[in-house]
Amino acid sequence: MHVISTSSAAPFTAADVAVILRERGWLVPASGPVCESSANSALDAWLARAAELLGPQAADRAALASLLSLVFTYDARALLADGANQAVLAREGTREVIRELANRVLDGGTLDSDRFKEIVEGMKSAVAYRSRAMFHPIRLALAGRAGEGELDRVILLLDAAAALDFAVPVKGARQRMLEFCAALD
């Protein structure tokens, strides 16, 4: 597992994230990212966290927008129809990993960095799979794409985003897991 650490300065700011979200219609246009209300301070904190987590993973603005799109768009049926994702699902142990992930996500709790680490550590003792065999199914089910550690950072943004009032509803980890499992059957 890639450690969720952001010691280097993010090349993008909360304002950059806000601009991308507004361009795509995910964030209602506003005069500026910093506002007085507590709801907007929570939004400002989420925008800053998104920049902190995803910025260092993005080589350019288009890559940042692509990572952000994983937070705001999720359709399990469409994911499962994709050939590359079907290849992940066909690997040995994938369904066992997904079943274990579902049980742990559905047990409750907001999926933040500590909870994600707890889930992963618990899964390591419950399933015989590691590395790609474990993380690709996790990332596919929750982030919507199999891939590398940048997707773990997307996962960390989901529940906090789902609690905010964006222009489009964000599906949190629990909702994504339920949708994924229903589409998988």
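## Terms and overall fold

A residue is called exposed when its relative accessible area is over 50% and buried when that area is under 20%, with partly exposed residues in between. The structure described here is a predicted model.

The protein contains 10 helices and zero strands. Read from the N terminus, its elements therefore follow the order α-α-α-α-α-α-α-α-α-α. Of the 185 residues in the protein, 45% are buried. The accessible surface amounts to about 8800 Å², and carbon and sulfur atoms account for 51% of it. When contacts between residues at least 6 apart in sequence are considered, 71% of them join residues at least 24 apart.

## Helix H5

Helix H5 comprises residues 83-90, and its residues Asn85, Val88 and Leu89 are buried. These residues lie on the same side of H5, because they cover an arc of only 100 degrees around the axis. Ala84 and Ala90, on the other side of H5, are exposed.

The buried residues of H5 pack against four helices: H4 (76-81), H6 (94-106), H8 (131-143) and H10 (173-184). At the start of H5, Asp82 places a side-chain oxygen within 3.1 Å of the backbone nitrogen of Ala84.

## Helix H7

Helix H7 covers residues 113-126, and its 14 residues should span 20 Å at 1.5 Å a residue. The end C-alpha atoms of H7 are 20 Å apart, which agrees with that expectation.

The N-terminal end of H7 is capped by Asp112, which has a side-chain oxygen 3.3 Å from the backbone nitrogen of Asp114. Buried positions in H7 are Ser113, Arg115, Phe116, Ile119, Val120, Gly122 and Met123. The buried residues of this helix pack against H6, H8 and helix H9 (150-162). Helices H6 and H8 are thus named among the packing partners of H5 and also among those of H7.

## Salt-bridge network around Glu23

The protein has eight salt bridges, counted as a side-chain nitrogen of Lys or Arg within 4 Å of a carboxyl oxygen of Asp or Glu. Glu23, Arg24 and Arg61 are linked in a network of such bridges. Within this network, the side chain of Glu23 meets that of Arg24 with an N to O distance of 3.5 Å. Glu23 also forms a salt bridge with Arg61, at 2.8 Å from N to O. Glu23 belongs to helix H1 (residues 14-23) and Arg61 to helix H3 (residues 61-72), so this pair ties together parts that are 38 residues apart in sequence.

The members of the network are partly exposed: Glu23 has a relative accessibility of 49%, Arg24 has a relative accessible area of 38%, and Arg61 has a relative accessibility of 37%.

## A salt bridge within helix H6

A further salt bridge joins Arg104 and Glu100, whose closest N and O atoms are 2.7 Å apart. Both residues lie in helix H6 and are four residues apart, about one turn of the helix.

The two partners fall into separate accessibility classes. Arg104 counts as partly exposed because its relative accessibility is 22%, whereas Glu100 counts as buried because its value is 18%. The boundary that separates these classes is 20% relative accessible area.

Terms used. Residues numbered from 1 in each chain as written. Predicted model: local features only at pLDDT ≥ 70, side-chain atom pairs only at ≥ 80, totals over all residues. Heavy atoms only, no water. Buried < 20%, exposed > 50% of the residue type's maximum accessible area, 1.4 Å probe, protein only. Helix = DSSP H or I, 4+ residues; strand = E, 2+ residues; numbered from the N terminus. Arc of directions from axis to C-beta. Contact = heavy atoms within 4.5 Å. Polar contact = N/O pair within 3.5 Å; in protein donor to acceptor, adjacent residues only side chain to side chain. Areas by Shrake-Rupley, 256 points an atom, 1.4 Å probe, with all protein chains shown as cover. Expected span 1.5 Å × (residues − 1).
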